[in-house]
Amino acid sequence: GQEGAAQPPPPPPPSAPTFHVAVNGQTTGPFDMAALQQQAASGALTSETHVWAPSLGAWTPAGQVQALQGLFPPPPPPGV
């Protein structure tokens with residue numbers, strides 16, 4: 001039989017999503033989620049900032065990207 005045959009290595013772990021960010025008309029990144037959290041906390045990344053990833057296919061406001069929605073506080077309720 002084939003006992004002792006070398007097993008193929010396991011596949012690499014899935015990589016965490018990374019995003020490119022548009023800053024003043026320039027592409028920056030890619031950034032991982034930790035870096036994006038820091039940018040959101042400092043105000044450099046807002047829900048209006050355009051981001052891109054291969055999975056998106058087009059530049060998209062960060063607030064419309066499911067994976068990034070947790071980075072931004074919800075808007076205030078109407079009338080506040």
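# Close-up views of a predicted model

**View 1. Contacts across the chain.** Among contacts in the protein chain with a separation of 6 or more, 40% join residues 24 or more positions apart. The model is predicted. The protein chain holds 1 helix and 4 strands. In sequence order the pattern reads β-β-α-β-β. Of the 80 residues in the protein chain, 21% are buried. The exposed area of the protein chain is about 6,000 Å², and 58% of that comes from carbon and sulfur atoms.

**View 2. The sheet is open and has 4 strands.** Its strand order is β2-β1-β3-β4, and the pairing is antiparallel. Strands of a sheet pair through backbone hydrogen bonds, either parallel or antiparallel. β2 and β4 form the edges, since each pairs on one side only. β1 covers residues 19–23 and β2 covers residues 26–31. β4 spans residues 60–61.

**View 3. β1 pairs with β3 in the antiparallel sense.** Strand β3 takes in residues 50–52. Its pairing with β1 runs over 2 bridges. At one position the bridge partner of His 20 is Trp 52, in β3.

**View 4. Helix α1 has a buried side and an exposed face.** The helix runs through residues 33–42. Ala 35, Leu 36, Gln 39 and Ala 40 are its buried residues. They sit on the same side of α1 because they cover an arc of only 135° around the axis. An α-helix has 3.6 residues a turn, so residues three or four places apart point the same way. The face turned away from the buried side carries Gln 38, Ala 41 and Ser 42, which are exposed. The cover over the buried residues of α1 includes β1 and β2.

**View 5. The ends of α1.** Asp 32 caps the N-terminal end. One of its side-chain oxygens lies 3.3 Å from the backbone nitrogen of Ala 34. Just after the helix comes Gly 43, with a positive phi of about 90°.

**View 6. Gln 39 is a buried residue of α1.** Its relative accessible area is 16%, so Gln 39 falls under the 20% limit for buried residues. Which residues does Gln 39 touch, not counting those up to four places away in sequence? They are Val 21, Phe 31, Ala 44 and Leu 45.

**View 7. The largest nonpolar core has 12 residues in all.** Its members are Phe 19, Val 21, Leu 36, Ala 40, Leu 45, Val 51, Ala 53, Ala 62, Val 65, Leu 68, Leu 71 and Phe 72. β1 and α1 each supply at least two of them.

**View 8. Leu 36 and its contacts.** Leu 36 is a buried residue of α1 and belongs to the largest nonpolar core. Leaving aside neighbours within four places in sequence, Leu 36 is in contact with Phe 19, Val 21, Phe 31, Leu 45, Leu 68 and Leu 71. Phe 31 is also touched by Gln 39.

**View 9. Pro 73 is exposed.** Pro 73 lies in the segment after β4. Its relative accessibility is 67%, so Pro 73 is over the 50% limit for exposed residues. Between the C-alpha atoms of Pro 73 and Thr 46 the separation is 10.0 Å. Along the chain these two residues are 27 residues apart.

How values were computed
Residues numbered from 1 in each chain as written. Predicted model: local features only at pLDDT ≥ 70, side-chain atom pairs only at ≥ 80, totals over all residues. Heavy atoms only, no water. Buried < 20%, exposed > 50% of the residue type's maximum accessible area, 1.4 Å probe, protein only. Arc of directions from axis to C-beta. Contact = heavy atoms within 4.5 Å. Polar contact = N/O pair within 3.5 Å; in protein donor to acceptor, adjacent residues only side chain to side chain. Core = buried A, V, L, I, M, F, W, Y, C linked by side-chain atoms within 4.5 Å. Areas by Shrake-Rupley, 256 points an atom, 1.4 Å probe, with all protein chains shown as cover. Pairing = 2+ DSSP bridges.
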